[in-house]
Amino acid sequence: MLISLNHVEKSFDGKTVLKDVDCTIEENRRYGLIGVNGAGKSTLLNIIDGTLLADDGEVFRKNGLTVGYLKQNSGLDRESTILAEMRKVFSDLLKTEQRMRVLENEMALQTDHNALAYKQLAEKYARLQSYFESQEGYQIDVKIKMILNGMGFMDKDLETSIQTLSGGEKTRLAIARLLLEEPQLLILDEPTNHLDFKTLNWLEEYLISYRGALLIVSHDRYFLDKVVDNIYEAERGHIAFYKGNYSKYVIQKQERRIRQEKEYEAQQVEIAKLQTYVDKNIARASTANSAKSRLKILENMEIIEKPDGDLKRMKLRFEKIKDPYKDVLTVEDLTVSVGEEQKVLCTNVSISVKRGEKIAIIGENGIGKSSFLKTIQGLIPHSCGEITWGKNVSISYYEQENLNLNADNIALDELWDRFPHIPEAKIRRTLGSVLLTQDDVYKPVKVISGGERAKLAFCILMLEKSNVLILDEPTNHLDLSSKEILETALNEFDGTVLFVSHDRYLLNRVPDKIVEFQRNGIKIYTGCYDDYLEQKNRQAREESANETAVEMPVKSKSTSFRSKEQRRLEVQLKNQIKEVEAEIERLENENILLEEEMAQEQVYTDYQLMAEKTAKMEENLQCLEDCYANWEELQKKQTEEA
């Protein structure tokens, strides 16, 4: 056990945030922490982290426990560089290495290796060197580069100043630093924000094999499904525990609610039955003892509290007034570009959208997904390609940051200005359906939260009753419950949906097609996100198999010449990869032998010999870095040529 909270309570300004909370964090377990905004998640994390004291209850921590906590504020040193910030994690080891260098110089000045002074220096050096090796000191730069590459800094100059990084880059860098620290308990608060699919996949795989416990707050349900094996839910000041990932939690919570309601109702029936008997028989001499016995049962009964009802949840229902023709949208050879200089983001985009289809658009950041949605609506110009909308098409557009809302309007007027013919009562009912009620409807759009702006935008979509929904990151700013409600509404909508999203859980539940944007075109995959992954993996396996297959000779001379040349280059590339892999294996084996030799007394007591082997190991490590980089480049080249 790393941490245990027993009957913990916490209040702020007289308002109870946590009440009678029991929570345990075990070694090497993975926990997800979920709950609506304001449920007390951050308060709980701060108590676990030790930065906040509980008002009541007990908090037990394992002696010497190390905790790493990624807060939404990264806490990086803005004046530092990427590499310098990562090397701070190893400051103690780097100081040890500096002391080793000092001792090496002092030992070099000793001419008599049998003298006591030399032996004392050698013993001190041996102890430092043994500690340095046991903490993998020679692997510091390799670890740093491996983590930074995984977190998307492969092409970034490591001497870049942190203050020049974007918010998303700072978040990724903060995660990288925590991963290098390897605390016994790693706490991550919304770690998937600002991560692309490639980085997300890498982080998931890394955390699955992480040597320590994890406590993760996240609205990314796909991430929770893949990484955690336990769920804590904060609700109404209490913390409930569920065994399993997010999808299992959803099932268990419903089952628990049904079971609690049945147990409560059954007990209420039993109480009523006993009370009725007591009331009728307590005054009769012949049945008084029997009535008293039942009264005692009532008095000693452990009362089951009435289960809390579900928290209020928004309601969404998208409807359409008319149906479009079968062909909703046709795009041919479109070039997506932005800005006055018409910077090209992607080219050769051709797609046909049919009535009733639900199509998701994915792709790396900056590829032009959001710009594509604006381009096909005529919100930004295009210089190349054809866009044709079908007959009877009506469009509703959800903009990613809801910038199409009037910031100075109050929420009520934002709807009324758009739909002046709709009675106020219906406008208010629509706002109420997304939990915008009472004073909320009189707040200016610019001061309400991102989640409230999203809900206001959904109100517009519901009232427009269009047959085509174009949505740009619709789950941003939504809590878990609201995301599920949106998914249900989109699945029940019998119109056409075209949306951009990074929410893989949404991508798994709504679309029947996945369109992947690339620089020089698009690729279309049938099915949901998991189907997309399977098709991508299958393509990769087929391409790999084709590389090893012997090509059949063809009759065309020019084609034969090209295929032979291609095969020659492929063989040459494979041989280069094999050579690099052999060199990597040789260097790694040589370093293993060097480590064994450096642990021997006759070596670590001989300064000159020790210095030679240390220098050789450092040289090998540098060569390994070069080999790894060369191997990655050859693999990339092999993939491109395939």
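**Notebook: cavities and positive phi angles**

I looked up the second largest cavity and noted a volume of about 30 Å³. The model is a predicted one. I then checked how many cavities of 30 Å³ or more the structure holds, and found two.

Next I listed the lining of the second largest cavity. From the N-terminal part of the numbering I wrote down Leu 33, Ile 34, Gly 35 and Lys 41 among the lining residues. The list goes on with Glu 190, Val 217, Ser 218 and His 219, and it ends with Leu 480. I sorted this lining by residue class and got four nonpolar, three polar and two charged residues. Gly 35 is in the lining, and I counted glycine as polar.

I turned to backbone angles. Which residue of strand β10 did I look up? I looked up Asp 333, which is placed in that strand, residues 327-338. I noted its phi near 50°, a positive value in a residue that is not glycine. For the side of accessibility, I recorded a relative accessible area of 46% for Asp 333. I entered Asp 333 as partly exposed, because 46% lies between the cut-offs of 20% and 50%.

The other entry is Gln 342. I found Gln 342 in the loop between β10 and β11, the latter being residues 343-354. Its phi is positive, about 55°, although Gln 342 is not a glycine. Is Gln 342 buried, exposed or partly exposed? I read a relative accessible area of 27% for Gln 342, so I entered it as partly exposed.

Definitions and conventions:
Residues numbered from 1 in each chain as written. Predicted model: local features only at pLDDT ≥ 70, side-chain atom pairs only at ≥ 80, totals over all residues. Heavy atoms only, no water. Helix = DSSP H or I, 4+ residues; strand = E, 2+ residues; numbered from the N terminus. Buried < 20%, exposed > 50% of the residue type's maximum accessible area, 1.4 Å probe, protein only. 1 Å grid on protein atoms, 1.4 Å probe; cavity = no way out; pocket = protein on both sides within 12 Å on 5 of 7 lines; lining within 4 Å. Points joined across faces, edges and corners; volume = space filled by probe spheres on them.
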